[in-house]
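Work through the exercises below with the sequence and the 3D structure side by side, and try each task before reading its solution.

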Amino acid sequence: MTVVETIRFKLRADVDDAAFQDVNRTMEKEYMRVRPGFLSRSTARSADGEYLVTVQWRSPEAAEATIGAFFAAPETQEFLAAVDLETVQPGRYQLIAP
């Protein structure tokens, strides 16, 4: 069963948007893409600066294992330092086939 995770957030006030986009790409390449069960990840930004990240996983277990290790992983620290953690709004959904 494919799982779709979402995360909405804003950047910290002192973080440059262009620099964050580089950090985001690096974290995805070095951390997310190598995790077992990873299928895809996309990042979008609204006009008011809110980010929306969606990640697809092969299973809920793969998603849980990744988020369980995310906050302590060396590859995610620059990403986490750029995010205003008080604005984070996560979600998890089961993909429905048409």
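Three exercises follow, on aromatic pairs, on strand pairing and on a pocket, and all of them refer to a predicted model.

**Exercise 1. Classify the aromatic pairs that Tyr51 forms with Phe9 and with Phe20, and find out which elements they tie together.**

Solution. A pair of aromatic rings is described by the distance of the centres and the angle of the planes. The count for this model comes to 9 aromatic pairs. Begin with Phe9 and Tyr51, whose ring centres are 5.5 Å apart and whose planes make an angle of 10°. Since planes under 30 degrees apart count as stacked, the pair of Phe9 and Tyr51 is stacked. Next, locate the two residues: Phe9 lies in strand E1 (residues 3–9) and Tyr51 in strand E3 (residues 51–57), so this pair ties together parts that are 42 residues apart in sequence.

Now turn to Phe20 and Tyr51, with 5.0 Å from centre to centre and 70° between the planes. An angle over 60 degrees counts as edge-to-face, and the pair of Phe20 and Tyr51 is therefore edge-to-face. Phe20 belongs to helix H1 (residues 17–30) while Tyr51 is in strand E3, so here the parts tied together are 31 residues apart in sequence.

As a last step, check the burial, for which the cut-off is under 20% relative accessible area. Phe20 has a relative accessible area of 1% and is buried, Tyr51 is buried with 3%, and Phe9 is buried as well. Phe9, Phe20 and Tyr51 are among the members of one aromatic cluster, which also includes Tyr31 and Phe70.

**Exercise 2. Determine how E1 pairs with E3 and with E4, and which residues are the bridge partners of Val3.**

Solution. First take E1 and E3, which run antiparallel and are joined by 7 bridges. Then take E1 and E4, which pair in the antiparallel sense over 6 bridges. Val3 has a bridge partner in each of these strands, namely Trp57 in E3 and Gln94 in E4. To complete the picture of E1, consider its burial: 5 of its 7 residues are buried, and the strand is mostly covered.

**Exercise 3. Describe the largest pocket by its volume and its lining.**

Solution. Start with the volume of the largest pocket, which is about 410 Å³. Its lining consists of 21 residues, and Glu5, Thr6, Ile7, Ile67 and Phe70 lie nearest the centre. The elements that contribute two or more residues to this lining are E1, E3, helix H2 (60–70), helix H3 (77–82) and strand E4 (89–94). Finally, sort the lining residues by character, which gives 15 nonpolar, 3 polar and 3 charged.

Technical notes
Residues are numbered from 1 along each chain as its sequence is written. This is a predicted model: local features need pLDDT of at least 70, side-chain atom pairs count only at pLDDT 80 or more; totals for chains, interfaces and linings use all residues. Side-chain values use heavy atoms; hydrogens and water are left out. Rings of Phe, Tyr and Trp (its six-membered ring) pair if their centres lie within 6.5 Å; planes under 30 degrees apart count as stacked, over 60 as edge-to-face and the rest as tilted. Helices (H or I, at least four residues) and strands (E, at least two) are DSSP runs, numbered from the N terminus. Buried means under 20% relative accessible area, exposed over 50%, partly exposed in between (1.4 Å probe, protein chains only). On a 1 Å grid over the protein atoms alone, a cavity is a set of points where a 1.4 Å probe fits but cannot get out, and a pocket is an open set with protein on both sides within 12 Å along at least five of seven lines; lining residues have an atom within 4 Å of a point. Grid points are joined across faces, edges and corners, and a volume is the space filled by probe spheres set on the points. Ala, Val, Leu, Ile, Met, Phe, Trp, Tyr, Cys and Pro count as nonpolar, Asp, Glu, Lys and Arg as charged, and the others, Gly among them, as polar. Two strands pair if DSSP finds at least two bridges between them.
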